[in-house]
Amino acid sequence: MRIDIITIFPEMFDGAFNHSIVKRAQQKGHVEIHLHQLRDYSTNKHNNIDDAPFAGGAGMVMMIEPVALCIEKLKSEREYDEVIYTSPDGVLLNQKVANNISMLKNIIILCGHYKGIDERIREHYITSEISIGNYVLSGGELAAAVITDAVIRLIPGVLNDETSALSDSFQDDLVSPPVYTRPAEFNGWKVPDILLSGNEKLINQWKHEQSVLRTRERRPEMLGE
Ligand code: SAH
């Protein structure tokens with residue numbers, strides 16, 4: 001998979017992409033991430049990429065030309081399955097959305113700033129808009145990093161244990177059961193006996209029951225309740 005991210009703050013991704021699973025996925029060749037500085041596509045000598053909104057109002061708006069130039073250049077080099085805009089009014093990111101994206105070959109993610117981007121970009125270039133929650137961030141970079149991380153760990157081969165992503169929360173419309181590690185007792189707080197029983201069948205049954213219980217308690221809407 002190839003992910004092209006258009007941003008005015010490429011440095012913001014240093015932490016998110018150069019550690020842990022996302023780093024290893026790139027090293028192992030499962031994913032290529034390319035960051036594009038939008039200012040390099042500015043059409044004026046001050047490298048501006050924003051301007052005041054028509055009809056006034058607070059804040060600046062990302063201009064159409066630099067974004068269009070950057071997207072056109074990328075599209076001239078390869079076919080893209082989706083051109084995603086990070087936007088608070090987009091489709092809410094969830095595991096299903098991440099699963100669907102993880103099956104694509106090439107995607108572009110455009111990070112907005114200021115008051116957002118010129119609406120004509122959304123109309124003519126953007127094929128999908130994703131929000132990471134009902135709150136407003138200062139820019140699309142954190143959202144793009146969240147989307148990228150959630151997607152990459154779903155690409156087959158990225159996680160060492162193939163079943164690991166499959167047993168995560170939301171993967172089968174249930175949240176995860178609780179997990180424990182050594183010691184079996186701390187301060188008198190004990191690990192559930194069943195987990196020490198060695199009986200795989202009963203353990204799996206317990207895990208499933210716990211998942212259903214937790215889902216009912218914490219995410220009843222997932223069970224249609
Ligand atoms: N005026 C806009 C908010 C702009 S915030 C509005 O009220 O909808 C600046 C940029 O941050 C946006 O263009 C978008 O790219 C990004 N952003 C902000 N909140 C986001 C969210 N919840 N999910 C995804 N991207 C978000």
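Which residues are the closest to the ligand? Hold on to that one for a moment, everybody, and let me set the scene.

What we have here is a predicted model, where local features need pLDDT of at least 70 and side-chain atom pairs count only at pLDDT 80 or more, while totals for chains, interfaces and linings use all residues. Residues are numbered from 1 along each chain as its sequence is written, and side-chain values use heavy atoms, with hydrogens and water left out.

Back to the ligand. The closest residues are Tyr-85, Thr-86, Gly-112, Tyr-135 and Leu-137, out of 20 that surround the ligand; a residue is near if one of its heavy atoms lies within 4 Å. Strands S5 and S7 each supply at least two residues of that shell, and S5 gives the most, with four. Strands here are DSSP runs of E, at least two residues, and helices are runs of H or I, at least four, numbered from the N terminus.

Now the polar contacts, meaning pairs of N or O atoms within 3.5 Å. In the side chain of Tyr-85, an N or O atom is 2.7 Å from an oxygen atom of the ligand. Ser-87 offers a polar backbone atom 3.4 Å from a ligand nitrogen, and a backbone N or O atom of Gly-140 lies 3.5 Å from a ligand oxygen. The protein covers 84% of the 560 Å² of accessible area that the ligand has on its own, by the Shrake-Rupley method with a 1.4 Å probe.

On to the sheet. Five strands form an open sheet in the order S2-S1-S6-S5-S7, with parallel pairing; two strands pair if DSSP finds at least two bridges between them. Why do S2 (32-37) and S7 (128-131) each have one side without a neighbour in the sheet? They stand at the edges, each with a single partner strand, so one side is left free of a neighbour. From one strand to the next, the twist averages 30°. S1 (residues 2-7) and S6 (residues 106-110) pair over five bridges, and Ile-109 in S6 is the bridge partner of Ile-5.

Two helices lie across these strands, with contact meaning heavy atoms within 4.5 Å. H4 (residues 95-102) lies across S5 (82-92), S6 and S7, at about 175° to S5. H6 (residues 141-152) lies across S1, S2, S5, S6 and S7, at about 175° to S1. Axes are lines fitted to C-alpha atoms, for helices over the stretch in contact, and angles run from 0 to 180 degrees between N-to-C directions.

Finally, some backbone details. Most residues other than glycine have a negative phi, and most peptide bonds are trans. Asn-47, in the loop between S2 and S3 (50-51), has a positive phi near 60°. Arg-182 and Pro-183 are joined by a cis peptide bond, with omega about 5°, and Pro-183 lies in the loop between H6 and S8 (185-186). Thanks, everyone!

Key. A polar contact is a pair of N or O atoms within 3.5 Å; within protein, one must be able to donate a hydrogen and the other to accept it, and residues adjacent in sequence count only if both atoms are side-chain atoms.
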